[in-house]
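Hi,

Here is the structure I promised to pass on to you. Have a look at it in the viewer first, then read my notes underneath.

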Amino acid sequence: MRKMRKMNATVLYLVLTITVAFLEGMIFTVSSVYLVTMVGLSPLQLVLVGSVLEATAFLGEVPTGVVADVYSRRLSMVIGYVVMGCGFILQGAVPQFGALLVAQVVWGLGYTFTSGATEAWLVDEIGQEQAGRAFLRATQLSSLAVLLGIGGGTLLAQVGGLQLPIVLGGAGLIALAAGLALVMPEQHFTPTSRADHTTWQTMIHTTRSGWRVVRSRPVLFTLLVVGMINGAFSEGVDRLWTIHLIQNLTLPQVFGWQPIVWIGLIRAAWLILSIAAAEVVRRRLDMRSDRAIARTLWWMTAGIVAGVLGLALAPSFALGVIALVAIMMLRRTMGPILSIWTNQHIGTADAGVRATVLSMVNQADAMGQIAGGPVVGAVGNFSLRLALTMSALILTPALALYRRTRLPPSQV
């Protein structure tokens, strides 16, 4: 039987990113409305759903990152997309709070197999410099793909109900995993040595090595702390903005549009702006300069803090939407910058623990969400505006960390 030809790594990464972005755009556009209107979750329940997801990520990030470093990036990614797909299918098929919690555990575990492994695989295959360009290009293309996913999810929800896009999106991720198993190259991966070690010994050794890398590089340690702060901040905003718009700002009654249409249009707006912002960053930001990166991240973070305060205090739907679009556009643009910066400070000498270090950064984000989410959600049961204001305040320490990073050593 003739062996199937492997795809070019850069092309496959872009195809992978576009496909996942389309499917997740379809799923998440609908799921926020699904949880509020069909399942009827309270603000605290909305955040608890996210907390269960992040607790799963927290527990699974490093062990699954070690799988990618010790066994295979490709294997880790294939497993991840299969498990994620099953989680989404369960979430869409059973609109009950208990089933939703189980679904978060399933798809959260699947996500940990892909986080870190994807970036590490690409850097292994094409090198750090080329991977940096691919990350930024993928952000632009994925924004277009999410835009199409938003349209597809909105249309499917209008025709077949809110559950249909979620279930179909999960099935699509499983099909994607099958495709990766057939055509994904892995020519430059060198597994961490397992000689004279059991599986658990290897995992502990790789994790300790990853932690030594983080501790020895100030920027990586800063990014770990920033990840925790971002996690504590983001859980409230991500889980509560939809219910805030629906309950506090009142969606306009235009053309008989349902909430899913408004949410789809809002997501489309911030994605279109993200495409333009990513292009500006790609052309103008010197990714070789820590000070330039830290300065850019400081201004973006300041904009997010101001935007969340604006969303919390907005007296009208229009002003709330403007603030929300600005928040999400800035956050989406920051993502690849943080990813490139993290990979740069891991370096080629520590490629063997790259996925583990990246997983540690993601784990810090999960830890922040677990710690901050329920508190913000509990406040949201009494006042959504106060909960969003609290989220903005939680993010402010990141400004001091970025400022410290961008200063010359003599001023730190």
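Below is what turned up, from the whole chain down to single residues.

Keep in mind that this is a predicted model. The protein chain has 15 helices and 0 strands. It runs to 412 residues, and 55% of them count as buried. The accessible surface adds up to about 17200 Å², with 65% of that belonging to carbon and sulfur atoms. If you look at contacts with a separation of 6 or more, residues 24 or more positions apart account for 86% of them.

Now for the inside. The largest nonpolar core has 108 residues, and Tyr81 and Tyr402 touch the most other members. Helix α1 (residues 9-38) gives the largest share of this core, with 15 residues. As background, nonpolar side chains tend to be buried together in soluble globular proteins. Try clicking on Tyr402: leaving aside residues up to four places away in sequence, Tyr402 touches Val226, Asn230, Ala294, Leu297, Trp298, Thr301, Met334, Leu338 and Trp341.

Next, the aromatic rings. There are 6 aromatic pairs in the structure. Take Trp262 and Phe317: the ring centres are 5.5 Å apart and the planes sit at 75°, which is over the 60 degrees needed, so this pair is edge-to-face. Trp262 belongs to helix α10 (residues 259-284) and Phe317 to helix α12 (residues 317-346), so the pair ties together parts that are 55 residues apart in sequence. Both Trp262 and Phe317 are buried.

Another edge-to-face pair is made by Trp298 and Trp299, with 4.9 Å from centre to centre and 85° between the planes. Is Trp299 buried or exposed? Its relative accessible area is 58%, and the cut-off for exposed is over 50%, so Trp299 is exposed. Trp298, as you saw above, is one of the residues that Tyr402 touches. You can also find a cluster in which ring pairs link Phe28, Phe88 and Trp107.

Last, the pockets. The largest pocket has a volume of about 410 Å³. It is lined by 17 residues, and those closest to its centre are Glu129, Gly132, Arg133, Met287 and Gln344. Which helix gives the largest share of the lining? That would be α6, with 8 residues. Both α6 (128-160) and α12 supply at least two residues of the lining, and α12 is also the helix that holds Phe317 from the ring pair above.

Cheers

How values were computed:
Residues are numbered from 1 along each chain as its sequence is written. This is a predicted model: local features need pLDDT of at least 70, side-chain atom pairs count only at pLDDT 80 or more; totals for chains, interfaces and linings use all residues. Side-chain values use heavy atoms; hydrogens and water are left out. Rings of Phe, Tyr and Trp (its six-membered ring) pair if their centres lie within 6.5 Å; planes under 30 degrees apart count as stacked, over 60 as edge-to-face and the rest as tilted. Helices (H or I, at least four residues) and strands (E, at least two) are DSSP runs, numbered from the N terminus. Buried means under 20% relative accessible area, exposed over 50%, partly exposed in between (1.4 Å probe, protein chains only). Contact means heavy atoms within 4.5 Å. Accessible areas come from the Shrake-Rupley method with a 1.4 Å probe; for residues, only the protein chains shown count as cover. A nonpolar core is a set of buried Ala, Val, Leu, Ile, Met, Phe, Trp, Tyr and Cys residues joined through side-chain atoms within 4.5 Å. On a 1 Å grid over the protein atoms alone, a cavity is a set of points where a 1.4 Å probe fits but cannot get out, and a pocket is an open set with protein on both sides within 12 Å along at least five of seven lines; lining residues have an atom within 4 Å of a point. Grid points are joined across faces, edges and corners, and a volume is the space filled by probe spheres set on the points.
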